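Q: Could you take me through one part of this model up close, the place where the two chains meet? I'd like a connected walk through it rather than a list.

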Protein chains: 2
Amino acid sequence: MKSVNIPAIAVQRLTLYARNLALLDQKGMEVVSSAGLADICGVNPAQIRKDLGYFGQFGIRGVGYYVKELAYEIRKILGLEKEWRLALVGVGNLGSALLRHAQFLDQSYTFVAAFERDPKRIGMQVGQITVAPVKALKRLVKDKGVEIGVIAIGPRWAQQVADEFVGAGVRGILNFTPVQLRCPSDLHVENVDFTRMLDMLCYRLTLNQ
Amino acid sequence: MKSVNIPAIAVQRLTLYARNLALLDQKGMEVVSSAGLADICGVNPAQIRKDLGYFGQFGIRGVGYYVKELAYEIRKILGLEKEWRLALVGVGNLGSALLRHAQFLDQSYTFVAAFERDPKRIGMQVGQITVAPVKALKRLVKDKGVEIGVIAIGPRWAQQVADEFVGAGVRGILNFTPVQLRCPSDLHVENVDFTRMLDMLCYRLTLNQ
């Protein structure tokens with residue numbers, strides 16, 4: 001890692017490049033020009049060069065990028081060359097989808113535990129995982145070396161679950177609830193709220209009516 | 001609508017205020033101070049006043065905001081006082097979760113059609129909806145007045161489905177695939193990619209190791 005002063009938006013674009021390089025690799029493409037990659041990613045080639053430039057020298061002038069190699073380098077930058085162990089709270093529709101989500105399994109992310117408040121769901125088998133009660137969270141998170149907690153329950157319990165994760169020592173939380181979580185400042189939280197994305201979309205559609 | 005020159009980030013925060021006001025309303029809270037709302041939303045009170053200021057005068061000095069009223073006003077700004085009709089392609093785990101997602105149903109969003117390529121899933125009943133073949137998309141989107149297409153299939157078919165939606169006349173697309181869709185410039189696309197959020201989280205965790 002060269003520097004920590006990389007704009008978040010550049011890192012967001014790196015994740016986009018990584019995704020699209022993985023898709024190109026799956027299609028068997030070995031080399032991509034920076035114009036080609038830019039086109040697929042919906043950015044301009046200068047942007048890609050600039051974003052990558054924060055981290056080093058990539059690609060070969062007049063040739064482009066080796067797909068596998070660049071995918072690997074970006075994954076290394078993002079810290080994805082290691083396995084990240086995740087635990088989920090909330091095995092409803094969304095939670096089950098996450099546990100089973102092929103893309104997750106394909107990447108560096110492994111769910112190693114899942115928890116529920118609902119007694120009817122405790123003991124359920126989802127993929128490789130047996131759903132455990134929330135009261136087992138602290139122990140299992142420690143035992144299984146979980147670093148990231150994923151919260152996919154109703155908003156009412158979101159903060160309480162976040163507190164449990166914090167108490168158990170996770171380092172990051174992926175929050176699928178609309179609740180703004182209160183967490184210690186050294187814990188990283190990313191929020192995913194589809195309905196907010198839909199809201200943004202509708203706002204734009206309303207403006208252009 | 002007063003003006004179209006509102007920063008996207010302000011609109012994103014409006015969607016956050018709207019979500020949290022709805023939660024306060026559900027809890028039976030009638031009035032919230034701007035400091036209280038700011039605290040819940042994780043922003044500062046001046047920010048809320050500034051964001052709302054783009055759209056008019058809200059709240060009462062020394063009192064705060066009437067929760068129901070402000071929620072209503074923001075929903076109106078976002079264009080959520082009407083019903084938005086959605087169609088989904090891809091009724092896998094994620095798609096099913098979306099169709100059944102309580103939050104969706106609770107808001108202004110109604111799924112009125114769902115489509116699949118997989119013959120095994122065609123005819124399946126998910127909630128109120130019978131899954132139709134993709135070849136019926138154009139007709140059903142028109143018949144049911146769908147404005148927003150939601151794409152929750154594998155990346156391989158994403159562009160083709162987007163083209164079908166465009167051909168059928170939708171105005172916006174919510175894209176859950178990692179593919180950067182090519183669409184006419186008057187069509188609005190919002191991308192939701194959890195794994196990219198996870199990537200961001202891991203990058204931050206890696207930096208702070």
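A: Let's start with what counts as touching: two residues are in contact if their C-beta atoms, placed from the backbone, lie within 7 Å. Keep in mind that this is a predicted model. With that cut-off, 100% of the interface residues of chain A are also interface residues in chain B, so the copies meet through the same surface. The overlay fits that picture: a turn of 180° with a shift of 0.0 Å along the axis lays chain A on chain B, at an RMSD of 0.0 Å. That's the relation of a two-fold axis.

Now for the contact itself. Chain A puts in 52 residues, and chain B puts in 52 residues. On the chain A side, the elements that each supply at least two residues are helices H1 (8-26), H2 (34-41), H5 (93-100), H6 (102-106) and H9 (194-207), plus strands S8 (172-175) and S9 (188-191). H9(A) gives the largest share of that side, with 14 residues. Sorted by class, the side of chain A that touches chain B has 29 nonpolar, 15 polar and 8 charged residues.

What about the nonpolar packing? The largest nonpolar core has 122 residues, and those with the most contacts inside it are Leu88, Ala114 and Ile151, in both chain A and chain B. Zoom in on Leu88(A): leaving out residues up to four places away in sequence, Leu88(A) touches Gly95(A), Leu98(A), Leu99(A), Phe111(A), Ala114(A), Phe115(A), Val150(A) and Ala152(A). As for the wider layout, chain A is divided into domain 1 (8-78) and domain 2 (84-196), and the C-alpha centres of these two domains lie 31 Å apart.

Terms used:
Residues numbered from 1 in each chain as written. Chains lettered and ligands numbered in written order. Predicted model: local features only at pLDDT ≥ 70, side-chain atom pairs only at ≥ 80, totals over all residues. Least-squares fit on C-alpha atoms with pLDDT ≥ 70 in both. Helix = DSSP H or I, 4+ residues; strand = E, 2+ residues; numbered from the N terminus. Nonpolar A, V, L, I, M, F, W, Y, C, P; charged D, E, K, R; others polar. Core = buried A, V, L, I, M, F, W, Y, C linked by C-beta atoms within 7 Å. Buried ≥ 20, exposed ≤ 12 C-beta atoms within 10 Å, placed from the backbone. Domains from an automatic or database assignment.
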